[in-house]
Each structure stands twice: as C-alpha cells, then as structure tokens.
2 protein chains.
Amino acid sequence: MPLQAPRATLEGGSLGDGVRQLLTRRLLAGVYSPGDKLSLRRVAADLGVSMTPVREAVSRLVADGALEVAPSRAVRVPILGVGEFRELTALRIEIEGLAAAWAAERRDDADLAVIAEAEAGFRLERARPAPDLVLTVAINQKLHFAIYRAARSPMLMEIITGLWLKAGPILNLDMSTNVARVSSGTGERYHTAALAAVRARDAVGARDAVAGDIAQACKYIISLGRLPANRSPQYIDGGLLIST
Amino acid sequence: MPLQAPRATLEGGSLGDGVRQLLTRRLLAGVYSPGDKLSLRRVAADLGVSMTPVREAVSRLVADGALEVAPSRAVRVPILGVGEFRELTALRIEIEGLAAAWAAERRDDADLAVIAEAEAGFRLERARPAPDLVLTVAINQKLHFAIYRAARSPMLMEIITGLWLKAGPILNLDMSTNVARVSSGTGERYHTAALAAVRARDAVGARDAVAGDIAQACKYIISLGRLPANRSPQYIDGGLLIST
DNA sequence: TGCGCAAATCTGTGATCACAGTCACTATGA
DNA sequence: TCATAGTGACTGTGATCACAGATTTGCGCA
C-alpha cells in the first residue's frame, strides 16, 4: 500500500500536468514500489480533482513506460525482470554515459558549481553516522541530473528521465532499505571521479565514471536476487508503433 | 491542410491505442507537416469515435514530443528550428548508431534476411526511372527499423521511435518533395555498407554506416535552408519533470 | 473448518456536457 | 477606406455519467 502525502499542491499549466508532475516525483522518489496498483479514482480523490486529469497524466506515464496497464485493466508500476533490468542498465550506461561526455565538453562554470555542490552534499550526508537514506537517494538523483543538464540537450534529458522513471521504483526500493550499501561508499568514488572529469573537461573520464556508478549500483541490486525472472518470453515491441 | 485517408481502420486493444497508432503512422509517413494544427474534434469525427480516445492518443504523442500544445491551446506538429534539428540529429547519430552496433553483434540469420530484403527493396525502387518518393521513404524507414530491431532491445526501439516521431514530419517534408536527392543515391551507399557490416558482425562498421546515413541526410535538409531559426531562446527542460 | 458460487464492488474505457478562453470574420464607426 | 469593436464559431480542459469486465467479498453448504 503506497503511502500518500497528506496534501499535495498541484502546479503546472493544467491540472493534468500537475498530476503528471506529482506522480513523476513520487515515482522517482520511490513512493510507489514495483507491482503497486494505482486506482485512477483513488488518485483523483486524493488530489481533489476529477478522473479526467488523472487519466491524462497516467496515459502519459504509460507512454513513457513508467506505468503499465495490465490486461486485467489495472494500472500498476511495472515489475522488471532480471533480463529487463539488465537491458535497462545497459541502456542507461550508454545514454547517461553519453550525457556525461557531452557535459564534460559543454559545461560552463555555473554548471560545474551546481554539480560540485551536489557532490559535496552527497559526501556530507553519507559521512554522517546515520545517513538519511531517502535524502541520500534524492541527492544522488540531483547530482546525476546536474551533470546531465550540463550536456545542454533537452531531448537527451527527456530520454534519461524516462529511463529513470523505469528504474526509479527498483532503485529506491533496494537502495533506501539498505544502509550497508550507502555506507560502504562505493558510489562516492565514482561521483568524485565524475566531478573531477567534468571539471577537467575530460569526456572519456566523465563517461567512464558515470557508467561505473550505474554499473556497480545495478550489479549490487541484481546480486540481491530479489528481481523476478523475465515476464515477457522474448520481448514485446515497444509500442507496436510500426505496422508495416 | 493535412490530407485525410478516406477511412482508417482502428486496431489495438482500446480505441485510444488505435487512434494513437494511426496518428503515429501518419506522423511517420509525413501526412502531417510541421506547423499543421490538429483538432481533437475533427480527428474524432473523421475516425468515428468520441473525443476521449483522441485526447488520450494526443496526450501520449505530446508526451513523446511528436505533437505539442501551443499556449493558444492548439495542438500542432512542432516546428523544429535549425538548432533543435541539429540536436536531434546528433542524438540520432549516437543512439541509432548504438542500435546498429548492437544489431551487428546480436543479429541472427532471420534478422539479416529481413534487413537484406529491405535493402534490396530500397535499391530496386531507387533504380527505377521515376522512383515513388513516398514509397522510398517508407522503405528507408523499414530498413532502418529492421536493423534496430536486431539489437533486441525494446526500450531502445521505443527511444528511437520517439526520435523518428520528432524528425518524421521534417524528413518526409523534404525528402518526398525532392527527386534529386533520392536519385543521387548518396543514401544507398550507406545502406549497403550497413548491411555488409551487420552481416559481418562488424559493430563499428555498422555504427559508422548508420551514423553516416543520418548525418548526410540531415546535412542535406539543413542545406535547403527551409528550417526556421530556433524558437526557444535557450532551451526548455524536457517536461519540467525534476522540480528540485 | 474448508470449499464454491454468487453478488457487490471496483476497475479502466468511452461518450457527453459545460466552460472559459482564442481566433477569425464582419459590421459599424470615424 | 481603414481601424476597431463585437460576435460567433471554434479550441482544449475538466467533470460526470454509463458500461462491461475483472476482482474481491461474503454467505451458504458440505
């Protein structure tokens, strides 16, 4: 049962946009776990809006693969199998690695300052005797996106956001419940390396650092062995968009 | 004024899905041109459905960036500026190049046969005294996606489809109205090289061939000089998904 | 106490209505 | 003749209702 924020303020041009942003934020923050079912009516009631804006928001999130409609007509957070999670990880390594490389080439001083601040924040929080896991995950996200934003490619940012939306529930599920991994500091090394590479305008180094960070985090999650086997026998074409 | 197919059959689990697939196909086929305005009510009437499924389809396409809602509350096909088109091209080179590389590594004989058939079809059509431009564009798309499908990554396929949806209206606008470019056969060389590389399991060669194909096609379109200047002063964050 | 069937509840989907904006056209004024 | 205000026909958005199907609940029976 996903926990609900007591009252959420909706922003955005339209109500549908507001709902979408809110759901996106919750997905990224790990409020929902893989397999959780969402009810359009329940969300609508919780947010004090009608079902229409919720439906629009959900349809967009389904388009992004952040949610899925089961054949039983239930909207839920997708459950990724090991194979699918591996595929997602491989994709993230390539695409976020690309963003990091571009960031190293195109960053300006303001970008660097934001990245350095996030990196310092992450280090600070991790060094505390009892790190706030939810906060740590949030800062980690902030750091990654600070780097990607410096790549100055809004379309690339959108793609990466889509990937994070797919991975978010799993990452949050496993990261925010394990103190051991956060405290071990394996991720910190990569973050520091990424910052240094972006500062030095070292595209290859930035790519490797980000790729390493993603790879080891996902390797850890897979090693937990909590991911189910693949659901799709082979694979299903994205949105069966191409007919002929 | 976009031309309408006399009567289109809607497939898919739900009406909304059917409408989405239909609109997607039209976008990819160049039925709509950049700047064309779509009316939800008109589309609904043309398709014989209510406004609800159309709204859902459009909201998904807006999420993918294939359509946009202007501040004046009009849904239209986005008009890409030169800078945005360059960004899109750079992204396509990286991501579709990645797909081609994976395809070279992972393809099996069945994949290769499909790719070879599409390549032969493209060559055949181009060699005709009066090539059917619309058909040529369709075969070109078929060839590209045959390659990408061999990469065996549905998520990557979805990303690429999203990129094509953004680029489709422009590509079709300029390619299907210019016999010169098709007849010149510059694209054919890259296609043949891509096929050969995939056959030889040469990942680097496949990436270079696809990248070359995209680069020269987009260079040609930019050289036409019909693209307007950038619309966004700097750049707008994809879907303003990240708040903090 | 355990099993099975039925009814009630809840699901997403589609259609329809109401509303507040925007745009284009037109009639009226100077 | 030209500018301008008005007016009507659109636009997308949101809410509400109806419907068919799946899920769950709960009651009755063995």
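This note sets out numbered points on a predicted model of protein chains with DNA strands.

1. Surroundings of DNA strand C. A total of 19 residues surround DNA strand C, and the closest are Ser39(A), Arg73(A), Leu15(B), Ser50(B) and Thr52(B). Residues of both chain A and chain B are thus named in that group. By class, the surface near this strand divides into seven nonpolar, six polar and six charged residues.

2. Elements that face DNA strand C. Four helices each supply at least two residues of the surface near DNA strand C: helix H2 (40–47) and helix H3 (51–63) of chain A, and helix H1 (15–29) and helix H3 (51–63) of chain B. The largest share, three residues, comes from H2(A).

3. Atomic contacts with DNA strand C. Considering the atoms of DNA strand C within 4 Å of the protein, 50% belong to sugar or phosphate, and the rest belong to bases. Two base contacts may be listed together. An N or O atom in the side chain of Arg41(A) is 2.9 Å from a base nitrogen of DNA strand C, and a polar side-chain atom of Thr52(B) lies 2.5 Å from a base nitrogen of that strand. On the backbone of the DNA, a phosphate oxygen is 2.8 Å from an N or O atom in the side chain of Ser50(B).

4. Surroundings of DNA strand D. DNA strand D has 19 residues around it, of which Leu15(A), Ser50(A), Thr52(A), Ser39(B) and Arg73(B) come nearest. Of the atoms of DNA strand D that come within 4 Å of the protein, sugar and phosphate account for 51%. The surface near DNA strand D comprises seven nonpolar, six polar and six charged residues.

5. Atomic contacts with DNA strand D. Two phosphate contacts involve chain B: a polar backbone atom of Leu38(B) is 3.1 Å from a phosphate oxygen, and a polar side-chain atom of Ser39(B) lies 2.5 Å from a phosphate oxygen. A base nitrogen of DNA strand D is 2.9 Å from a polar side-chain atom of Arg41(B). Two or more residues of the surface near this strand are given by each of helix H1 (15–29) and H3 of chain A, and helix H2 (40–47) and H3 of chain B.

6. The sheet of chain A. Three strands of chain A form an open, antiparallel sheet in the order E1-E3-E2. Strand E1 (37–38) and strand E2 (68–69) are the edge strands, each pairing on one side only. E2(A) is joined to strand E3 (residues 75–76) by two bridges, and these strands run antiparallel. Within the sheet, Val69(A) stands opposite Val75(A) of E3(A).

7. Leu165(B). This residue belongs to helix H7 (residues 154–175) of chain B. Leu165(B) counts as buried because its relative accessibility is 2%, against a cut-off of under 20%. Beyond its neighbours within four places in sequence, Leu165(B) is in contact with Thr24(B), Leu27(B), Leu28(B), Leu61(B), Asp64(B) and Ala66(B). One of these, Leu61(B), is 104 residues away in sequence, while the C-alpha to C-alpha separation is 8.8 Å.

8. His191(B). Helix H9 (residues 186–199) of chain B contains His191(B). With a relative accessible area of 5%, His191(B) is therefore buried. Apart from neighbours within four places in sequence, the residues in contact with His191(B) are Glu119(B), Phe122(B), Asn140(B), Leu143(B), His144(B) and Asp213(B).

Notes
Residues are numbered from 1 along each chain as its sequence is written. Chains are lettered from A and ligands numbered from 1 in the order in which they are written. This is a predicted model: local features need pLDDT of at least 70, side-chain atom pairs count only at pLDDT 80 or more; totals for chains, interfaces and linings use all residues. Side-chain values use heavy atoms; hydrogens and water are left out. A residue is near a molecule or strand if one of its heavy atoms lies within 4 Å of it. A polar contact is a pair of N or O atoms within 3.5 Å; within protein, one must be able to donate a hydrogen and the other to accept it, and residues adjacent in sequence count only if both atoms are side-chain atoms. Ala, Val, Leu, Ile, Met, Phe, Trp, Tyr, Cys and Pro count as nonpolar, Asp, Glu, Lys and Arg as charged, and the others, Gly among them, as polar. Buried means under 20% relative accessible area, exposed over 50%, partly exposed in between (1.4 Å probe, protein chains only). Contact means heavy atoms within 4.5 Å. Two strands pair if DSSP finds at least two bridges between them.
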